[in-house]
Amino acid sequence: TKDVWVLAESAQPHVSLLRQAHGPIVVTRDGADLPSRVADNLFWLGRYGERYDSRGRLLREALLRLLERGEGAGEDGCLEDLLIALSLELGSVDAGPRGRYLALRRAFLGVFDEQNDGGLREIFAGMLRNGRAVRDHLGDESFRVLNRLRESLRDLPSPPSASAGRKALEEHLTLLTAFFGLCNETMPHHYGWRFLDIGRFVERVLSTLTMLELVFVKTEHPGVPLWEVMLATTDNLTAYRRRYRSALHPNAILDLLLFDEDNPRSVGYLLRRLRRQIERLPHPKSTPYRSAEERLILEAQTTLALADITTLAEATTEGDGKGQRALGKLLRRLRR
């Protein structure tokens, strides 16, 4: 046990071995004395939080399309791709459009189910567990936001209606953004904060690469609806419209989400930020060589920088599939 209480029959005089406020104190700052357990918890706090965010965004788009299309949603190929993106199976389907609509609705709302492996509640449980383990590293406001997210998820029926689920996701995504924003603003930027940052952006770059491969390589329903989902889930639809003021073009989407290092949601930006954080972690001073982590992130950045953009552009046009194969190979190498 952490605390043992010895009960007395009457009040006892207060005795403390702590230094008094008026006494001398040695000023210290957070430095390299970070326990590996804390680093691990902060890393996974970032990964679970970002995983909740990415799955929540995909599910929000799926429920929005489900509500807009109604019983016609059964013929929406974009929803089939979102099932794949969320690693869901349709299950038994009754005959007719309504039967398929109900099966889709049941599959998507099942992500809220407490018994769903990989569902939102399980992901948040991992986030909360790691957050509680490093409570003394988080600011009070950050932890209040985390508790508010816990209460909102607890009060949500399992499963909710489609409209209630979409509305809840809007709130959850905002709370997640607030949580990580407060962590960025209130946590000292020492090694613990760097591990939190690395966890977040490792998870984000993996989910972005997986989604890009689905949208441009593996999908059987390519086209504007799926491109819109890709931009919406990365919060880039407005940026695209402002930059191009035209209909969606896959080459421009690839550039925005893969190569543009000024876009915080692009793979290029994420790799650059990961490299900066990894280089600032402590390394043995006895060797002049790069660590394994530095070599890996440098390899990923170099792989992206040396990609043949002209060949990749063919992935979005009709042809012999050379561009699609090249793009798929690039995305798999980056993810590995």
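The following exercises, each with a worked solution, concern the predicted model shown above.

In this predicted model, local features need pLDDT of at least 70 and side-chain atom pairs count only at pLDDT 80 or more, while totals for chains, interfaces and linings use all residues. Residues are numbered from 1 along each chain as its sequence is written, and side-chain values use heavy atoms, with hydrogens and water left out.

**Exercise 1. Helix α1**

Task: Determine how the span of α1 stands against the expected span, and state how many of the residues of α1 are buried.

Solution. Helices are DSSP runs (H or I, at least four residues), numbered from the N terminus. Helix α1 covers residues 36–69. The expected span of a helix is 1.5 Å times one less than its number of residues. For the 34 residues of α1 this gives 50 Å, and the model is close to that value, with 49 Å from the first C-alpha to the last. Burial comes next: buried means under 20% relative accessible area, exposed over 50%, and partly exposed in between (1.4 Å probe, protein chains only). In α1, 25 of the 34 residues are buried, so the helix is largely enclosed by the rest of the structure. After α1 comes G70, which has a positive phi near 60°.

**Exercise 2. N41 and the nonpolar core**

Task: Classify N41 as buried or exposed, and identify which residues of the largest nonpolar core touch the most other members.

Solution. N41 belongs to helix α1. Because its relative accessibility is 11%, N41 counts as buried. Contact means heavy atoms within 4.5 Å; leaving aside residues up to four places away in sequence, N41 touches N130, A133 and V134.

A nonpolar core is a set of buried Ala, Val, Leu, Ile, Met, Phe, Trp, Tyr and Cys residues joined through side-chain atoms within 4.5 Å. The largest such core has 92 residues, and F108 and L258 touch the most other members. Helix α1 supplies the largest share of this core, twelve residues. Beyond four places in sequence, the contacts of F108 include L59, A62, L63 and L66.

**Exercise 3. Backbone features in loops**

Task: Locate P159, D235 and R245, and describe the backbone feature of each.

Solution. P159 lies in the loop between α5 (140–155) and α6 (162–186); a cis peptide bond, with omega about 0°, joins S158 to P159. D235 is in the loop between α8 (224–233) and α9 (237–244). Although not a glycine, D235 has a positive phi of about 60°, and D235 counts as exposed because its relative accessibility is 56%. R245 sits in the loop between α9 and α10 (250–259). R245 is not a glycine either, yet has a positive phi of about 45°; with a relative accessible area of 71%, R245 is exposed.

Definitions and conventions: Helices (H or I, at least four residues) and strands (E, at least two) are DSSP runs, numbered from the N terminus.
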